[in-house]
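I opened this notebook to record what I looked up in a single model. The entries follow the order in which I consulted it.

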Amino acid sequence: GECVARYDKMHLFDVTAAPDEHYCESDTIEAGQQVVVIKTPYGRLGLAICYDLRFPELFRSMQDVELIAIPSAFTAVTGKVHWEILVRARAVENLCYLIAANQGGYHVNGRKTYGNSMIIDPWSLVLTRLNQGAGVICADLDREKQAHLRRNFPTHEHRKIQCQ
């Protein structure tokens, strides 16, 4: 019950997702400025929210996190074509576990969100998913497998361009 960190979404969703679907979060929300990573008993946990998923430099700047949590409300339109590929890309390019909770269904304001919450492993494998509806998903996080992948596929050491 103790607050150990706060992350304010950096990338605001100001887009036209479909001809009749417009969003402008910057009308009511102020963007955050800080990358947030916290130490947990399971490793370093990076925090991001929804539209942040489209900006890989955010995740690179987290510096070797073991886990990333990204709660989201991807629209049905964008989720169908981009959600899974972006979630899996962020996991594999950072060789980390990614916990991607995504709202799904119809909302009172008429918006439809995609759903498809997932937990992804560092090799981009979907460990578990919940397509729609309320529920809980769990997966084992294998720290030895992650360390093995990082030793044998040392992309973190091969980076030529560093994020600040």
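**Entry 1: Gln-63 and its loop**

I began with Gln-63, which counts as partly exposed because its relative accessibility is 34%, between the limits of 20% and 50%. The model is a predicted one, and I read each value below as computed from it. I located Gln-63 in the loop that joins α1 (56-60) to β5 (67-69). Its backbone drew my attention, since Gln-63 is not a glycine and yet has a positive phi of about 60°.

I then turned to Asp-64, which lies in the loop between α1 and β5. For Asp-64 I noted a phi near 60°, again a positive value in a residue other than glycine. I recorded a relative accessibility of 36% for Asp-64, so this residue counts as partly exposed.

**Entry 2: the chain as a whole**

I next asked how many helices and strands the protein chain contains. The secondary structure comes to four helices and 10 strands. I wrote down their order along the sequence as β-β-β-β-α-β-α-β-β-β-β-β-α-α. The protein chain is as compact as a globular protein of its length, because its radius of gyration of 16 Å is close to the 15 Å that the globule rule gives for 164 residues. For the extent of the C-alpha trace, I noted spans of about 50 × 35 × 30 Å along the principal axes.

I looked up burial and found that 41% of the 164 residues are buried. I also examined the contacts with a separation of 6 or more, and 54% of these join residues 24 or more positions apart.

For the surface, I recorded an accessible area of about 9,800 Å² for the protein chain. Carbon and sulfur atoms account for 54% of that area. I then checked the charges: the protein chain has 18 positive and 19 negative ones, and their mean positions are 5 Å apart.

**Entry 3: cysteines**

I searched for disulfides and found zero in the structure. Cys-138 is in no disulfide, and its nearest cysteine sulfur, that of Cys-96, is 18 Å away. A disulfide would need the two sulfur atoms within 2.5 Å, so the pair does not qualify.

Are these two cysteines buried or exposed? I found Cys-96 buried, with a relative accessible area of 0%. Cys-138, in contrast, is exposed, with a relative accessible area of 63%.

**Entry 4: Ala-73**

I placed Ala-73 in the loop between β5 and α2. Ala-73 counts as buried because its relative accessibility is 13%, under the limit of 20%. Which residues does Ala-73 contact beyond its neighbours within four places in sequence? I listed Cys-50, Asn-102, Gln-103, Arg-111 and Thr-113. I also took a distance to Gln-162, which is 89 residues from Ala-73 along the chain; their C-alpha atoms are separated by 30 Å.

**Entry 5: Ser-117**

I found Ser-117 in strand β9, which covers residues 117-120. At 12% relative accessibility, Ser-117 counts as buried. Setting aside residues up to four places away in sequence, I recorded that Ser-117 touches Ala-100, Ala-101 and Asn-102, as well as Thr-128, Arg-129, Leu-130 and Ile-137. Asn-102 is thus among the contacts of Ser-117, and I had already listed Asn-102 among those of Ala-73. For a further distance I chose Leu-45, 72 residues from Ser-117 along the chain, and the C-alpha atoms of the pair are separated by 18 Å.

**Entry 6: Ala-89**

I closed with Ala-89, which has its place in helix α2 (residues 76-94). Ala-89 counts as partly exposed, at 23% relative accessibility. How far from the C-alpha atom of Pro-56 is that of Ala-89? I noted a separation of 8.9 Å, although the two residues are 33 residues apart along the chain.

Definitions and conventions:
Residues are numbered from 1 along each chain as its sequence is written. This is a predicted model: local features need pLDDT of at least 70, side-chain atom pairs count only at pLDDT 80 or more; totals for chains, interfaces and linings use all residues. Side-chain values use heavy atoms; hydrogens and water are left out. Helices (H or I, at least four residues) and strands (E, at least two) are DSSP runs, numbered from the N terminus. The radius of gyration is taken over C-alpha atoms; the globule rule is 2.2 Å times the number of residues to the power 0.38. Buried means under 20% relative accessible area, exposed over 50%, partly exposed in between (1.4 Å probe, protein chains only). Contact means heavy atoms within 4.5 Å. Accessible areas come from the Shrake-Rupley method with a 1.4 Å probe; for residues, only the protein chains shown count as cover. Lys and Arg count as positive and Asp and Glu as negative; His and the chain ends are not counted. The place of a charge is taken as NZ of Lys, CZ of Arg, CG of Asp or CD of Glu.
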